[in-house]
Amino acid sequence: MKKLWFALVGLALAFSASAAQFSEGQQYVAVKPAVAGASQVTEFFSFFCPHCYQFERVYHVSDTVKKSLPEGVKVTKYHVDFLGGDFGPVVTHAWAVAMALGVEDKVTPAIFDGIQKTQTITDAASLKDAFVKASGITPEQYDAAWNSFAVKALVSQQEKAAVDFNLQGVPAMFVNGKYMVNNGGLDTSSMDNYVQQYASVVKFLVAQK
């Protein structure tokens with residue numbers, strides 16, 4: 001029993017020490033001015049960004065973050081326009097369709113792989129084809145969503161958010177509109193350490209309100 005107690009105390013102290021090591025300017029930076037009305041966690045990415053591909057498809061940082069957060073914490077994921085040339089805004093529009101239809105998790109692997117791995121997604125038509133196959137929706141549903149007011153509003157929302165946060169690059173994750181995780185300040189001694197610390201920093205910042 002005593003061993004169990006010491007083990008629990010040690011675990012608590014380890015957690016406290018870890019949390020205490022998270023400091024502004026190191027593992028995170030303050031957003032100034034803060035973005036009012038932002039989601040609890042806002043993630044920006046691009047399907048054209050190699051680092052985003054690694055972040056999402058290889059190291060599963062986004063999934064690890066989601067699994068570490070308390071139930072009910074809202075995570076909003078936005079696609080950015082500034083990569084991919086003229087095709088960038090088209091993919092942002094398609095991501096708005098995914099958001100509106102609630103199929104983000106279904107289409108993410110297919111779009112990432114189609115753009116970066118197989119190069120089979122090169123224009124609006126091939127993007128639509130991959131999206132429809134991965135999501136299970138019909139081409140007609142895709143077109144209806146694409147032309148809907150709700151999706152157009154989501155496109156504008158994504159563009160506005162990037163401006164509001166003065167976004168400089170991706171992948172990037174913001175918390176409560178007040179903090180941004182600082183990739184350069186995280187433990188990169190191993191990829192597992194990096195991923196776990198990234199999730200721990202986000203969880204820590206969510207609690208800061």
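This note goes through the predicted model point by point, from the overall layout to single residues.

1. Overall layout. The model is predicted, so local features are described where pLDDT is at least 70. The protein chain holds 9 helices and 5 strands. Read from the N terminus, the order of elements is α-β-β-α-α-β-α-α-α-α-α-β-β-α. Along the principal axes, the C-alpha atoms fill a box of roughly 65 × 35 × 30 Å.

2. Burial and contact range. The protein chain has 209 residues, and 43% of them are buried. Take the contacts between residues at least 6 apart in sequence: 74% of these join residues at least 24 apart.

3. The largest nonpolar core. In general, nonpolar side chains tend to be buried together in soluble globular proteins. Here the largest nonpolar core has 41 residues. The members that touch the most others are Phe44, Phe47, Ile111, Leu127, Phe131, Tyr142 and Leu167. At least two residues each come from strand 2, helix 2, helix 4 (87-101), helix 5, helix 6, helix 7, helix 8 and strand 4. Helix 4 gives the largest share, 8 residues. Another core, of 22 residues, lies apart from this one. Val61, Val65, Val181 and Val206 are among the residues of that other core.

4. Phe44 up close. Which residues does Phe44 touch, not counting those up to four places away in sequence? The list is Tyr78, Val80, Gln158, Ala161, Ala162, Phe165, Leu167, Val170, Pro171, Ala172 and Phe174. Leu167 is also one of the core members that touch the most others, as is Phe44 itself. Pro171 in that list returns in point 7, with its peptide bond.

5. Helix 6 against helix 7. Two packed helices are described by the angle between their axes and the distance between the axes. For helix 6 (residues 124-135) and helix 7 (residues 139-146), the axes come within 10 Å and cross at roughly 115 degrees. The crossing is right-handed. Helix 6 makes the contact through Leu127, Lys128, Phe131 and Val132. Helix 7 uses Pro139, Tyr142 and Asp143. By class, this contact has 5 nonpolar residues, 2 charged ones and no polar ones. Leu127, Phe131 and Tyr142 also appear among the core members that touch the most others.

6. The buried side of helix 3. Helix 3 spans residues 61-68, and its residues Val61, Ser62, Thr64 and Val65 are buried. Why do they lie on the same side of helix 3? They cover an arc of only 165 degrees around the axis, so they are on the same side. As a general rule, an α-helix has 3.6 residues a turn, so residues three or four places apart point the same way. The buried residues of helix 3 pack against strand 2, helix 2 (50-58), strand 3 (75-79), strand 4 and helix 9 (191-206). Val61 and Val65 are also among the members of the core of 22 residues.

7. Two cis peptide bonds. One is the bond from Lys32 to Pro33, with omega near -5 degrees. Pro33 is in the loop between strand 1 (28-30) and strand 2 (41-45). Another cis bond joins Val170 and Pro171, where omega is about 0 degrees. Pro171 sits in the loop between helix 8 (149-164) and strand 4 (172-175).

8. Positive phi outside glycine. Gln119 has phi near 55 degrees, a positive value in a residue other than glycine. Gln119 lies in the loop between helix 5 (104-117) and helix 6. Its relative accessible area is 48%, so Gln119 is partly exposed. Asn166 also has a positive phi, near 50 degrees. Asn166 belongs to the loop between helix 8 and strand 4. With a relative accessible area of 54%, Asn166 is exposed.

9. Arg57. This residue is in helix 2. Is Arg57 buried or partly exposed? Arg57 counts as partly exposed because its relative accessibility is 27%. Beyond its neighbours within four places in sequence, Arg57 contacts Pro109, Phe112 and Asp113. Arg57 and Ser156 are 99 residues apart in sequence, and their C-alpha atoms are 26 Å apart in space.

10. Thr76. This residue is placed in strand 3. Thr76 counts as buried, because its relative accessibility is 10%. Setting aside neighbours within four places in sequence, Thr76 is in contact with Ser39, Val41, Thr42, Glu43 and Met99.

Key
Residues numbered from 1 in each chain as written. Predicted model: local features only at pLDDT ≥ 70, side-chain atom pairs only at ≥ 80, totals over all residues. Heavy atoms only, no water. Axes fitted to C-alpha atoms, helices over the stretch in contact; angles between N-to-C directions. Helix = DSSP H or I, 4+ residues; strand = E, 2+ residues; numbered from the N terminus. Left-handed = near helix turned anticlockwise from the far one by under 90°. Contact = heavy atoms within 4.5 Å. Nonpolar A, V, L, I, M, F, W, Y, C, P; charged D, E, K, R; others polar. Buried < 20%, exposed > 50% of the residue type's maximum accessible area, 1.4 Å probe, protein only. Arc of directions from axis to C-beta. Core = buried A, V, L, I, M, F, W, Y, C linked by side-chain atoms within 4.5 Å.
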